[in-house]
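This report describes one protein model, part by part. Please look at the sequence and the structure first.

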Amino acid sequence: MVMHKNSEENIEAVTKMTLLFLAEAIGLCPAGLEGSTNRDVVFAVLGFQYGAVQSAAYIAGLGKDASAGIAKEVMGRINGMDEKSVSKFLALMPTLAEKEYPPIAMGGKAIIDFYNSATDGEKLTKACSLRELLRQIDEA
């Protein structure tokens, strides 16, 4: 990831990077994901997204406030959620992160691995990690 001269450029770069990665990851998931009412699926997807944003923001040297703002924007846009709904979920994420909720760690690792992949095949494998997570939930 390229570091930029100022925080505003870093915020823009992290927002763009996470939107591109998450759009790719979600695009590889089963159809109808956005309409799921299964709480496990909803929290897994949002946790994965939150982890990806947090990881990218951390690598860019951004603080908690900037990271929270990026998460609100990215998760709202990628999921078509209003600000109030996103805020409710985001309020829970730090607690889940402290409890080491696996989807958060998976999202954080997947985005870094995705952007550090040398080949398109490796990138595809990393982008499919959300689909694999959802498969595991379905099997449970």
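## Helix H5

The buried residues of H5 (buried meaning under 20% relative accessible area, exposed over 50%, partly exposed in between, with a 1.4 Å probe and protein chains only) are Pro-103, Ile-104, Gly-107, Gly-108, Ala-110, Ile-111 and Phe-114. Viewed down the axis of H5, these buried residues fall within an arc of 165 degrees, so they line one face of the helix; the arc is that of the directions from the helix axis to the C-beta atoms. The face turned away from the buried side of H5 carries the exposed residues Ala-105, Lys-109 and Asn-116.

This is a predicted model, in which local features need pLDDT of at least 70 and side-chain atom pairs count only at pLDDT 80 or more, while totals for chains, interfaces and linings use all residues. Residues are numbered from 1 along each chain as its sequence is written, and side-chain values use heavy atoms, with hydrogens and water left out.

H5 covers residues 102–116, and its 15 residues reach 21 Å from the first C-alpha to the last, close to the 21 Å expected at 1.5 Å a residue. That expected span is 1.5 Å times one less than the number of residues. Helices (H or I, at least four residues) are DSSP runs, numbered from the N terminus. The cover over the buried residues of H5 includes helices H1 (7–27), H2 (39–59), H4 (83–98), H6 (120–127) and H7 (129–139).

## The nonpolar core

The largest nonpolar core (a set of buried Ala, Val, Leu, Ile, Met, Phe, Trp, Tyr and Cys residues joined through side-chain atoms within 4.5 Å) has 37 residues, and those with the most contacts inside it are Phe-21, Phe-48 and Leu-130. At least two residues of this core come from each of H1, H2, H3 (64–79), H4, H5 and H7. H2 gives the most, with eleven residues.

Neighbours within four places in sequence aside, the contacts of Phe-21 (heavy atoms within 4.5 Å) include Phe-48, Ala-52, Ala-110, Ile-111 and Phe-114. Ser-129 lies in helix H7 and counts as buried, at 16% relative accessibility. With neighbours within four places again left aside, Ser-129 is in contact with Phe-48, Met-106 and Ala-110.

## Salt bridges

A search of the whole structure finds five salt bridges, each a side-chain nitrogen of Lys or Arg within 4 Å of a carboxyl oxygen of Asp or Glu. In H5, Lys-109 pairs with Asp-113, their closest N and O atoms being 2.6 Å apart. These two residues are four apart in the helix, about one helical turn. Lys-109 is exposed at 52% relative accessibility, whereas Asp-113 is partly exposed at 22%.

Helix H3 holds Glu-73 and Arg-77, four residues apart, whose side chains meet in a salt bridge at 2.9 Å, N to O. Glu-73 is partly exposed at 37%, and Arg-77 is exposed at 53%. In H7, three residues separate Glu-132 and Arg-135 along the sequence, about one helical turn. Their side chains form a salt bridge at 2.3 Å, N to O, and a network of salt bridges links Glu-132, Arg-135 and Glu-139.

## Glu-122

Glu-122 is in helix H6 and is partly exposed, with a relative accessible area of 38%. The side chain of Glu-122 reaches the backbone nitrogen of Ala-118 at 2.9 Å. Glu-122 and Glu-83 are 39 residues apart in sequence and 34 Å apart in space, C-alpha to C-alpha.

Terms used
Polar contact = N/O pair within 3.5 Å; in protein donor to acceptor, adjacent residues only side chain to side chain.
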